[in-house]
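Work through the exercises below with the model open. Try each task before you read its solution.

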Amino acid sequence: MFDTQIDETEAGKSTRRKFLVLSAAGLGGVVLAAVRKPQAAAAADAKQSGQEVTIVEFSDSGKRVKKVRENKIVKSEEEWRRQLSPNAFDITRHADTELAFTGQYWNVHEKGLYRCICCGTALFTSDTKFDSGTGWPSFWAPIAEENVRKTNDDSLGPVRTAVSCTLCDAHLGHVFDDGPPPTGLRYCMNSASLKFVATKTPTNHG
Ligand SMILES: [Zn+2]
């Protein structure tokens with residue numbers, strides 16, 4: 001019954017706030033449970049209206065599986081905040097940058113995949129990782145061009161090229177043209193935007 005009456009507009013929110021203040025004094029948990037529902041419904045709607053994109057799927061062993069068309073993942077600020085650590089939230093959803101030499105992965109040399117911390121899309125592999133000396137995990141290419149998006153970022157004066165996840169728009173870092181061969185590119189990433197999956201030794205059981 002509340003589902004259809006409360007929407008995500010500003011008016012809706014302020015109505016809900018008043019509602020919550022009232023309910024804190026009165027019905028408490030019962031009403032809180034009821035108002036939580038419409039948020040989930042709104043998120044589902046947003047997801048459905050997400051634009052279709054093409055990405056390439058990879059298995060955890062780094063094998064290219066197939067190209068797929070998927071709806072972009074769209075979530076509310078609140079949903080991302082609940083899912084991510086505060087640091088990962090600030091970096092992926094608000095284009096923050098972690099301090100050099102503080103992240104988890106700048107000095108990792110194991111074989112494996114780097115997936116998006118937000119949606120799990122494969123983004124980079126240890127095969128293209130190199131030691132840039134910058135204190136950020138650096139790669140000379142993404143695992144598949146389809147899986148990352150490049151946009152102009154002039155937030156710090158000179159225009160830089162920001163890199164984000166194609167499927168969920170997570171901010172990952174920037175790409176510069178002072179990298180090693182064969183591409184000459186340096187994808188300078190935030191560890192906090194990534195989740196490393198070490199390559200497992202393949203078994204014969206499939
Ligand atoms: Zn993502």
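**Exercise 1: The sheet**

S8 and S9 pair in the antiparallel sense over 4 bridges. Two strands count as paired if DSSP finds at least two bridges between them. Helices (H or I, at least four residues) and strands (E, at least two) are DSSP runs, numbered from the N terminus. This is a predicted model: local features need pLDDT of at least 70, side-chain atom pairs count only at pLDDT 80 or more, and totals for chains, interfaces and linings use all residues. Residues are numbered from 1 along each chain as its sequence is written, and side-chain values use heavy atoms, with hydrogens and water left out.

Task: place S8 and S9 in their sheet, and find the edge strands.

Solution.
- Step 1. Find the bridge partner of Ala-162 in S9: this is His-174.
- Step 2. Read the strand order. The open sheet has 6 strands, ordered S5-S6-S10-S9-S8-S7, with antiparallel pairing.
- Step 3. Look at the ends. Strand S5 (129-130) and strand S7 (148-153) are the edges, and each pairs on one side only.

**Exercise 2: The zinc site**

Task: list the protein donors of the zinc ion and classify their arrangement.

Solution.
- Step 1. Collect the donors, meaning N, O and S atoms within 2.8 Å of the metal (3.2 Å for Na, K and Ca); water is not among the atoms, so sites may look incomplete. The SG atoms of Cys-116, Cys-119, Cys-165 and Cys-168 lie 2.3 to 2.4 Å from the zinc ion.
- Step 2. Check the angles. The 4 donor atoms subtend 101 to 116° around the zinc ion, which makes the arrangement tetrahedral. Four donors earn that label if all angles lie between 85 and 135 degrees. The ideal angle for four tetrahedral donors is 109.5 degrees.
- Step 3. Write the spacing along the chain: C-x2-C-x45-C-x2-C.
- Step 4. Locate two of the donors. Cys-116 lies in strand S3 (residues 112-116) and Cys-168 in the loop between strand S8 (160-165) and strand S9 (171-176), so the pair ties together parts that are 52 residues apart in sequence.
- Step 5. Check burial. Cys-116 and Cys-168 are both buried. Buried means under 20% relative accessible area, exposed over 50%, and partly exposed in between (1.4 Å probe, protein chains only).

**Exercise 3: His-171 and helix H4**

Task: is His-171 buried or exposed, and which residues does His-171 touch?

Solution.
- Step 1. Place the residue: His-171 is found in strand S9.
- Step 2. Read the accessibility. His-171 has a value of 7%, so this residue counts as buried.
- Step 3. List the contacts (heavy atoms within 4.5 Å). Leaving out residues up to four places away in sequence, His-171 touches Ile-91, Thr-92, Ala-95, Asp-96, Ala-162, Val-163, Ser-164, Asn-190 and Ser-193.
- Step 4. Turn to helix H4 (residues 86-94). Its buried residues include Ile-91 and Thr-92. The buried residues of H4 pack against helix H3 (77-83) and S9.
- Step 5. Step past the helix end. Just after H4, Ala-95 takes a positive phi of about 55°.

**Exercise 4: The hairpin and salt bridges**

Task: describe how S1 and S2 are joined, then trace the salt bridges of Lys-67 and Asp-169.

Solution.
- Step 1. Strand S1 (residues 52-58) pairs with S2 in the antiparallel sense over 7 bridges. The two form a hairpin with 5 residues between them, and Gly-62 in the turn has a positive phi of about 90°.
- Step 2. Val-56 stands opposite Lys-67 in S2.
- Step 3. Lys-67 forms a salt bridge with Glu-146, with the closest N and O atoms 3.2 Å apart. The pair links distant parts of the chain: Lys-67 is in strand S2 (residues 64-71), and Glu-146 is in the loop between strand S6 (138-139) and S7, 79 residues apart. A salt bridge is a side-chain nitrogen of Lys or Arg within 4 Å of a carboxyl oxygen of Asp or Glu.
- Step 4. Asp-169 forms a salt bridge with Lys-72, the closest N and O atoms being 2.9 Å apart. Asp-169 lies in the loop between S8 and S9 and Lys-72 in the loop between S2 and H3, so the pair ties together parts 97 residues apart in sequence.
- Step 5. Compare accessibility. Asp-169, at 42%, counts as partly exposed. Lys-72, at 10%, counts as buried.

Terms used:
Tetrahedral: all angles 85-135°; square planar, octahedral: opposite > 155°, others 65-115°.
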